[in-house]
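Here is a briefing on side-chain contacts. Salt bridges come first, then aromatic pairs.

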Amino acid sequence: MLSQSAAAKLCRGPRMSQLDQPFEAIGPLGGQSLLIATAIAVGRLVSKPRTIVHVLSYLRRRVVGRAKAVGKNLHLYIIDLAMALAALSFASFMRLGLDGEVTSPESYHSLLFALPCFLFTCAVVFPVTCLYTRNWRYASVGDMLGILRAVIVASLAFVFMMFVATRLDSIPRSVMVIEVLLLVPLLISVRIRSKLIETGRFGPAANRARNGRDMVPVLLIGAGDAADHYIRALQRDPDARHWPVGLLDNAATTEGYFLRGVPVLGSIEDFDTVISYLEVRGIKPRHVIFTERMPGLVDPALEALIDRAERLGIAVSRPAPVLELRNPKHESRFELRPIELTDLLERPQTVLDKAALSRMIENSRIVVTGAGGSIGGELTQQIAALGPAELILIDNSEYNLYAIDLELAEKFPNVHRKPYICDVRDPVRLGEIFQRHCVDLVFHAAALKHVPMVELNPCEGILTNVIGTMNVAEATRLCGAKAMVQISTDKVVNTTSVMGATKRLAELYCQSLDLAYVAGETPARFMTVRFGNVLGSSGSLIPLFKRQLAHGGPLTVTDMEMKRFFMTIREAVELTLQASAHGLEKSLGQGEIFVLDMGAPIKIIDMARRMIKLAGFRPDEDIKIKIVGCRPGEKLFEELFDERERRVDVPISGVLGAVPNPVPLETLRKEFSQLRRLAKAGDTGGVLDLVARLLPSYHREETKPAAATPFVPHVIRGSAKAATPQREAAA
């Protein structure tokens, strides 16, 4: 009999949590007590229709869910049933065919009866055991054990049916054992097909191109769990552009192993050897990615590896931790992934010749104008790293000058520097500064660089870009410096903008002074370095796209066909320094313009789509792209060479040469004097007329094309005007 406490518990009725295990609270009771408890529980259920409704509703949802899962995976369901029939047929043949029994009428009729029964059993059991509610793309060992369970349950249910029907007289028991051993691997093989495709995606025979796009080779540091997660994510992402070509790991036992098809090529100490090996195979990595902190890799070793990678022109980065928590109440509703600017380019960066740079910069007194800007700031940092005797910073913006001076003080405290608030339009102030410091080298990066702003303020553009350059050049010549390097832009070629025209006039002035050096009339070299858009500069395309992404879009693009040359700020400055060092040391490029090799132009809309994907979103779905139309002074494409220029070879890696038709220095000085007077008087019409007379390639048409003009290298498209959404800064 039940005790009073047990009976009291039963009389209170079962809770929903107790329905799953109705006898859990009964304790060690006898068979009679168990029967009584079951009867009471059933009675309580019947007495509460609401509970029965909940249970039936739950069961109905489960059944409907299983049915929907089968409908979504109908092809897999049909394949499973076909494989079940094949497994049972082949198992029967293996068991009965050994002694000729398979062809007997009894065996034939038994098999003919057994196959439909087994098919029916599998058709019911497989959905019930959740074979079709799993995402097999993310299958694990536990999912494979689920297949084994489903096959065993289906086989036992079939055995029970056959036992009831025929007492298993017609089918040997061993047939079912063979059937299980056959069916399990058959079902697993179908489900791991996608896993095998993913694993082989980065194997030795992996194709470098995916979806018609060039993949970025990367070298991973570490072969642990984080590397496994990272490679798996790349394999599953159809839009991924990184291609792991190898791993480095400090564990000696991992060398020669493969992690998801990616080979472990050696240890950290083998970095240079591995890079050389991959370069010979034509797959030199453009990124080194630290997937995890290496055991035993102390900070000096880490810094040494980063330095070696940077000397080889290889970017170094680290993915965000998988379990990093984000603030869901962040002011931006779009939490952006870190975007590597080098991922936006389709080419590797050029390796820097630091030895030549050291010979030029070390123990020299260097002036950088526009030191607080994007290009000027990068110039000052790279120059400071090479140990100059003194670094003189000139900028017209107090805050920009303060910011770069503070940054240099933190990074290079031993470099002697002197910041000056100075406008390059002031020749007296410039001359006084240059004479005071006995300047050796001048890097002139100060300019008004944004096309729409200069288009609206042409007189200011003339005073800064033309007259300011002339002032800096004259101060350089008079103070006895060795050289001046002017930063120019690809917008000077067949220009349709005032900004491009002003920079073109500055180029011509420096070229004339350099030819004067060749003629022995001046002791200083005057070199010009021309390049296109730099990624990440202030007011340029990439920061704007980042702001638009943070606000959920849309990203604004001027025209579907607009193209631009792109380069990272760091690479542009490195090549500028490299061209300057070789030009000064080896007397290269006299009377020429150094043109940085920027690869092929990239469509702005492709850049927008690439940024959206790198930020973790889908173009045109998560983030829209809006075509906004043309603005004054913009072209659909830029060029690096004018057809009037003679293109020459320059023995400097990553640098090309152009020789414009020179203009006599005295002519330029006379015309520049007139430009200064017109600009100070605010005579915009007179300024533009004089510029057009000096530059026949400057096109002032106000009309815009009805359709996009296709890109043709080195051909004048003067009338083709358009506007990029946000213009990259060239200097």
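The count comes to 16 salt bridges, each a side-chain nitrogen of Lys or Arg within 4 Å of a carboxyl oxygen of Asp or Glu. This is a predicted model: local features need pLDDT of at least 70, side-chain atom pairs count only at pLDDT 80 or more, and totals for chains, interfaces and linings use all residues. Residues are numbered from 1 along each chain as its sequence is written, and side-chain values use heavy atoms, with hydrogens and water left out. The structure also holds four aromatic pairs.

**Salt bridges within helices**

- E407 and K411 meet through their side chains in a salt bridge of 3.1 Å, N to O. Both lie in helix α15, four residues apart, about one turn of the helix. Helices here are DSSP runs (H or I, at least four residues), numbered from the N terminus.
- E407 has 28% relative accessibility and counts as partly exposed. K411 is partly exposed too, at 47%. The cut-offs are under 20% relative accessible area for buried, over 50% for exposed, and in between for partly exposed (1.4 Å probe, protein chains only).
- E432 and R429 form a salt bridge at 3.9 Å, N to O. Helix α16 (residues 427-437) holds both, three residues apart, about one turn of the helix. E432 is partly exposed at 33%, and R429 is partly exposed at 28%.
- E507 and R504 form a salt bridge at 3.1 Å, N to O. They are three residues apart in helix α19 (residues 498-518), so about one helical turn separates them. Both E507 and R504 are buried.

**A salt-bridge network**

- E474, R477, E666 and R669 are joined into one network by salt bridges that share partners.

**Aromatic pairs**

- Rings of Phe, Tyr and Trp (its six-membered ring) pair if their centres lie within 6.5 Å; planes under 30 degrees apart count as stacked, over 60 as edge-to-face and the rest as tilted.
- F118 and F158 make an edge-to-face pair, 5.1 Å centre to centre, with 70 degrees between the planes. F118 lies in helix α6 (residues 105-128) and F158 in helix α7 (residues 141-166), so this pair ties together parts that are 40 residues apart in sequence. Both rings belong to buried residues, F118 and F158.
- Y399 and Y402 have ring centres 6.4 Å apart and planes at 45 degrees, so their pair is tilted. Both sit in helix α15 (residues 398-411), three residues apart, about one turn of the helix. Y399 and Y402 are both exposed.

Conventions
Helices (H or I, at least four residues) and strands (E, at least two) are DSSP runs, numbered from the N terminus.
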